[in-house]
Structure formats: C-alpha cells, structure tokens
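Me: Could you take a close look at one part of this protein with me? I would like to understand how its charged side chains pair up.

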Amino acid sequence: MTKKSLYLAFGLLVIFSLTLSACGGAAAPEAEAPVEEAPAEEAPSEEMPAGEVQPASEIVFYNWSEYIDSEIYALFEAETGIKVVEDNFSSNEELLAKLQGGASGYAVIVPSDYTVSIMIAEGMLAELNHDNVPNLANLSDQFKNVPYDSGNVYCAAYQWGTTGLGYIDGEVDEPTSWAVLFEPDPNGAAFGRTTMLDDVRESFAAALAYLGYDINTTDEAQLAEDKALLIQAKAGLAGYDSDTYEDLLAAGENLMALGWNGDFLVAQEENENIAYSLPEEGGVVWVDNMCIPAGLSPEEQLSAEMFINFILSPEIGAMLSDYNWYASPNAAAEELLDPEFLADTTVYPPAEVLAKLQYIRPLGEAESLYQRMWDEVKSAQ
Ligand code: N2P
C-alpha cells in the first residue's frame, strides 16, 4: 500500500464532507438544522459558539516537524476563517524549555505523555472547554482515559507511536537487538552511518532497555552504566539527529537510525528499502497530545479549541495518519483509514510487542541528573 492510495481514498471524502459542513454549518457528522432556520446574528455551530468571545483570527501551532499535512490548515481556514501558523520543535525538552523560558504566542502545543504530566504539575496548561471540543467523543476509549490526563481535562491525543530502529534492508541485517547501537561493530556496514535521536529520555531509554533496566530508573549506578554505554555507542555514530534522520536514510547516506516509526514509513516513499524494527529487549511507546498553554486570551483559547476539535474530526484525523503514518487515537478516523494501514504491525504493534514497551515517565528531580549525564555523553570524545 502506498501513501498515495490512502490519500486518494480519503482526499475526496474529506473534501466532500467539508463542503457539506461548510453548507450545513457544522463540522460534526450531522448538521442539526438548515442554516436558514437560525437567526443570522446567532449563527450557531461549533465554529462560532454562542457568547461574546469571538475566535482570534490567527493562531500558532507549535508541533514536531513533518507531523501535519499543511492542507489541513487550508481546510481549517476555509471552514473557520482562522489562519494557522506552524512552528516546530524536535524534543519534549526543547518544547518545555521554550515555554518555561517565557515564550508566548503558541496556541496549541504537542507534548508527549510524560511532558503533559510535567506541564500539568507546573500549571503550564489551560483546561479544555469541552463544549468547544465535542469531537473529543471520537477518541478511542483508551485515549479518553490516559493516565497522565484522565478525562481529557487538558489535552487530546494527537497521534501515537513507538521508538525503534530504521535501517536499509539488504545493506544491514534486521537489527533485532539494541546491541547494534551500543556494541558497534567497526567492520559492520552501518558503522559511522548510524544516527541516534538528539533526545535525552529516548536515548537513555534505548540503552536502559538494552541493559535490562527500567527505562525510568533513577538509580545512579544504573544510570552511570547507561551513560558509559551511550558513550561507547558514539564510535559508530554519524551524529545525533531528530529531524532529518529518515531523509539521510532515504538518501543512502546513513544505513541505520534510532527514530520514530511513522517517520521511517513516510521515508519509504523515497526509498522502499527502508525498514523498521523494534528490538527484542523492548523500548518506548508514546502518545503525543494537543494541549493549550495557560494564559491565552479567551479569543485565542477559543480558536485553539476549535483547531483541536477540527483535528479530532474523523476526516481530518484520517488525513493526519495518511500524511504522517502514525497510529490514530481517533476511533472515528480509523473507520475511514485503509484496513491495510490498520493491520500494519509497524504502525499498530501486536499485543505481545506492545507488552514489551513502556511509557517514559516524569522523574521529578532526577530529570536534571539525566540532563547532566546526557550533556556529558554528547561532549565526550
Ligand atoms: C514527527 C515526530 C514524531 C513525534 N516527525 C515523536 N513524539
């Protein structure tokens, strides 16, 4: 199955459905009343909820790179008149530091699970007004009750995935163990042509999984061992990279990378020999979430909620997975996705594989210990 076939299958559907909703007034699956029956000044719909607050005309979406089809912005603007400007980050720590540093102007951000916990604890997120986000109902039950934000008080799941090894099939054997990263073979094809994520928790987790330790350990002796392993891995690395690693594989420059499953699947369009493997020692599963930073104006808050609601519509949810090849948390969107995509075990790992994966958790004071050790890994010769 190619990405194009998915796009063709659902592109028309999206356009059709949005045209309907533009005429009918509501993006929800069924418009309640013809537009003529509603007094113009009270034009009711989720695009413009009743009340004095009018949506801000422009919002900034702070997202991971290459994670959304920009066509979605055009559709949102056509439906609501709200323009979306995108800015990117490449790790949770970068996102957190940016907001803690006082950056304002971001209306919707996309932290992963553990970072949502940190942000809630620090009072950094605004509660969602569920009246403005009726499409929260489209989320699968498990995503309505995530442990870091049960009941979607603050956030709505965006996409979910796993962290593993992408590689060029035919040039290197399928990496079934993290040993390929941490015990680099100077005679192996991937030596010097491998990248790791520039991401403290992800990189520590891969090494901790290899050592058989809890990926959320705060035991200093275990972390010291982990750090030594990360330094050992450097001999075989071309560098740390969270943004272009899949492109470097596709271009034939590198042969292996630690990264996120969907990124490798998208890159298969450029290079069909790209494959993905989850090492048998286990690793990380994650959920990324749409959240609103605390302190926005009511107008911006409303536009942010409208955008989140739009992403949660079945058609746009399907369009998102079609573009980024990550698993959807949206049950209504999954109904529109190709059964072949839903059956792809690289996207939706089988239960026995999921059982070996863990979520990264917030570690409180130990976060700074990790950060210090990561800085030491990166600066080690
Ligand atoms: C998309 C990055 C996936 C986000 N390019 C990993 N949490």
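How many salt bridges does the structure hold?

Reply: Happy to walk through it with you! Please keep in mind that this is a predicted model. The structure holds five salt bridges, and helix α16 is a good place to look at some of them.

Let's begin at residue 367. Glutamate 367 pairs with arginine 201 in a salt bridge, with the closest N and O atoms 4.0 Å apart. Glutamate 367 belongs to helix α16 (residues 366-379) and arginine 201 to helix α7 (residues 200-211), so this pair ties together parts that lie 166 residues apart in sequence. The two partners sit in unlike surroundings: arginine 201 is buried, at a relative accessible area of 1%, whereas glutamate 367 is partly exposed, at 22%.

Further along the helix comes glutamate 376, which meets the side chain of lysine 227 in a salt bridge (2.6 Å, N to O). This pair, too, links distant parts of the chain, as lysine 227 lies in helix α8 (residues 220-233) and glutamate 376 in helix α16, 149 residues apart. Lysine 227 counts as partly exposed at 21% relative accessibility, and glutamate 376 is partly exposed at 29%.

Glutamate 376 has another partner: its side chain also meets that of arginine 372 in a salt bridge (3.5 Å, N to O). Here both residues are in helix α16, four residues apart, or about one turn of the helix. Arginine 372 is partly exposed, with a relative accessible area of 46%. Through shared partners, salt bridges join Lys227, Arg372 and Glu376 into one network.

Notes:
Residues are numbered from 1 along each chain as its sequence is written. This is a predicted model: local features need pLDDT of at least 70, side-chain atom pairs count only at pLDDT 80 or more; totals for chains, interfaces and linings use all residues. Side-chain values use heavy atoms; hydrogens and water are left out. Helices (H or I, at least four residues) and strands (E, at least two) are DSSP runs, numbered from the N terminus. Buried means under 20% relative accessible area, exposed over 50%, partly exposed in between (1.4 Å probe, protein chains only).
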